[in-house]
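Please look through the sequence and the structure below before reading on. The report that follows is meant for someone who has not met this chain before.

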Amino acid sequence: HWLHAHSFGFTVGEKVDLPFTWCWDMHKGQSKSDSSAVSIFVCGKKDLDPAQVMAAKNAEQISKSLRHPNVLRAFSSIEVESGFYVVTEEVMPLLSAEPTAGDERTPAVWGLFQALDGLAFLHTSGFTHGLFGPLSIFVTRQGDYRVGGFELCQKGLDTGTALASRRRVGPYVSGFPEPARTLEQGGVPSIGIDMWGAAVLAAYVFGSARSGRWGPDVRIDMAKASQDIPQELRKTFEELQNPKPLRGRSPIADATALPYFQKNAAVQVFSFLASLQIKSPEEKEAFFEGLPNLLEGLSKGVQTRQVLPELLAAQRFPGQEAAQVLPTILKIGVKLENDEFRDKVAPLVAQLFSMADELFASDCSPLGEMVEFLDDAMINDKIFPECVNGFTDSNGPIREATVKSMIFFVPRLKAKTVESRVVKMLVKMLQDPEASIRTNAVICVGRVSRSLPKSCASQTVMTVVGMGMKDGFGPCRSASLHTLSATASMFTPEDLCQRLLPIVCQRLVDPDQAVADAAFQVLGTLHQTVRQMVEDRRANSHEEGQVPAAASSDAGQGSGGGGSWSSWALTTVGSAVGQKIMGSMGPPKSDSTGSMAAQASPGSQNEAPPPPQSANGRGMTLGSSSSTAAKPRADTAPAGLASSLDLDDDFSAGGGGGWGADDLDLQGAQPASSNLNDDFGDDFFNEFDDDVPAATPASSGSGGSSRSPPAASPFQPAARPAAPKTAPKAVAAAPKPAATAPKPAPKPAAKAVAKDADEDFWKE
């Protein structure tokens, strides 16, 4: 109410409680022009003595004249009849500033450096502060330290005057250390009182971090404070407490140049950013490249409150610098709250993505961490349209970075966009002249396969894998194999077996040993995958009742519980043919489903021989006694499995396969003697003569079983003599031995019936 609206461009707000007594009051304020927040210091003349009024006037004038990044910046000041008004950047007293959550035990090294740097500036300019210490330091909203309290600041300040006046004109807290009278002794420089104040500030910064307490309640014992000071600063700390003649030195500037400060990550980052405008392009590039690693040495609070605001100003940088800053912005931005990220970071990210060339030349790996904070609309409408241009860029690193970025964008893009643009561009990248880009394209497709639209997912992966396995670059072929192994569940068993496994097998003999080893590994994995798929399919079919019970039963009996792949085929054939060819051995056994399955009895001596096979063509032809007969190959028939039917049509080069003496392995039999053959042929076909009366053959068994084979069975496995060079001739009919039962008359009728039975059998 003391100021006229037209003469003061700020609005004075509520009063701020100060943690110390002072001749100034502090208020929150607001600029009338842009509504920005400010701090307004008000000093009324009414209750002040002349010395205090002079000190307040000095502070108002010094504030307007000093310009330094670490000195409290005054926007405006005015003196009226009632008092003084000084408008500064928005700050709060150091003793009122609470550390960020999680940083209570972390000393504010950067803040201490800022305060000392500001004091060194005053000393370099010839000023002595006079009130320097924790009570004269103010903290910005971002956590930066600013030097204030200029009531006694002047050139050539007398130390005795400063000691006598500091309690009356400066901020005061009961219990805080007071400067020793020894500072008035001869030989002590005028800035000695500031050096002592710097030691008190260091004790407060490190002591509060060690104790986890802050504010005016902190008690500082300067005699024991060195225990809290880092080892690297203890010598300097002792020198600051006991000032000595300068002799050309600048103790405060020397302290800021110590390795403890210069190698501190926060000091390195902020010092460089503060002088960014005067750095060379090479220095900027090196700094921004190593900036993400420097952040590891900073606390979360320092990153979000101090580093990020500086980096967000990257929008004022040229394009290349803005792109270099983006990875660090994203790395810090993900630590913000969702609302804060959307308000501060997201708009800048969208703006920087419009600089596609510079952006993708940098590392965009933090995209995966921050993409969840971006809206789908922003990604689809603003960010991705700019990113996709990187696919066709002439710069190889930009194309490669664009491919890598798709693993973060594809899950958030619209299905239509992925199918119409992303998939086509990724497939096109497999023809890129850069081998690393082709390899990364294969890897990218594998990683985003689960996010691809179902309408094109399997076909896209199959196309990319197929092209990648034919690539001339070994790592690309290896990446294709591993991608196929990781995405095998996307395909049907038919696709795996008919289209993908063949190209995997080609890589088994790859000239690159690493690729070949990967192929063997992937082949085994795919074998297990396909087997599991097939078993699952069979299980589902059984549950749904889609498989006929008879077929299932036959398969189970044929396997014999042994799991042999050949048992199923042999048993199935036996169940169909056995009724006709081997039916005379007894009635067939019926399983629970009603199917007729031939029961194999290894080692049985009462089994019918296999039917003869024609030597003149493929397949089997049952002929009369005058036809040339064929026998199954003795070297391929399973030993002891008389009921298994061998349909092998692989004949020897010499035309073997007839039932001659050699093929039957008859010991001591001469080709001229064919009694056994004729007898066997006639008796074998008489098994089908059900309608013709016949004499009962001689039987060695009981119960009406089929006749016994000869004592020396020609169908037992034995060493096979060399096959004749020419096919054996048909054996002519011979008179029956005396021991054989006579055949029914007339003989021709019996032969006709046998032939008819043969034809009827194959018709069935």
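What follows is a description of the chain as a whole, then of one helix pair and of several single residues.

This is a predicted model, in which local features need pLDDT of at least 70 and side-chain atom pairs count only at pLDDT 80 or more, while totals for chains, interfaces and linings use all residues. Residues are numbered from 1 along each chain as its sequence is written, and side-chain values use heavy atoms, with hydrogens and water left out.

**The chain as a whole**

The secondary structure comes to 28 helices and 10 strands, where helices (H or I, at least four residues) and strands (E, at least two) are DSSP runs numbered from the N terminus. Of the 764 residues in the chain, 45% are buried; buried means under 20% relative accessible area, exposed means over 50%, and partly exposed lies in between, with a 1.4 Å probe and protein chains only. Among the contacts in the chain with a separation of 6 or more, 68% are made by residues 24 or more positions apart, a contact being heavy atoms within 4.5 Å.

The structure holds zero disulfides, a disulfide being a pair of cysteine sulfur atoms within 2.5 Å. As for single cysteines, C444 is buried at 2% relative accessibility, whereas C497 is partly exposed at 36%.

**A pair of helices**

Helix α20 (residues 457-469) and helix α21 (residues 474-486) have axes that come within 7 Å and cross at roughly 145°; the axes are lines fitted to C-alpha atoms, for helices over the stretch in contact, and angles run from 0 to 180 degrees between N-to-C directions. On the α20 side the contact is made by V465, G468 and M469, and on the α21 side by C476, R477, S480, L481, T483 and L484. By class, this contact has five nonpolar, three polar and one charged residues, where Ala, Val, Leu, Ile, Met, Phe, Trp, Tyr, Cys and Pro count as nonpolar, Asp, Glu, Lys and Arg as charged, and the others, Gly among them, as polar.

**Residues with a positive phi**

Two residues that are not glycines have a positive phi, and the table sets them side by side.

| Residue | Phi | Loop | Relative accessibility |
|---|---|---|---|
| S35 | about 65° | between β2 (25-31) and β3 (37-44) | 48%, partly exposed |
| R247 | about 55° | between α5 (234-241) and α6 (251-256) | 78%, exposed |

**Three further residues**

Q52 is found in helix α1 (residues 50-65) and counts as buried at 15% relative accessibility. The side chain of Q52 reaches the backbone oxygen of R168 at 3.0 Å, and, leaving aside residues up to four places away in sequence, Q52 touches D47, R168 and V169.

G207, in helix α4 (residues 192-211), is buried with a relative accessible area of 13%. Its C-alpha lies 7.2 Å from that of A225, a residue 18 places away in sequence.

R181 sits in the loop between α3 (159-169) and α4, and R181 is exposed with a relative accessible area of 56%. The side chain of R181 makes a polar contact with the side chain of E184 at 2.7 Å; a polar contact is a pair of N or O atoms within 3.5 Å, and within protein one must be able to donate a hydrogen and the other to accept it, while residues adjacent in sequence count only if both atoms are side-chain atoms. R181 and G160 are 21 residues apart along the chain, and their C-alpha atoms are separated by 8.6 Å.
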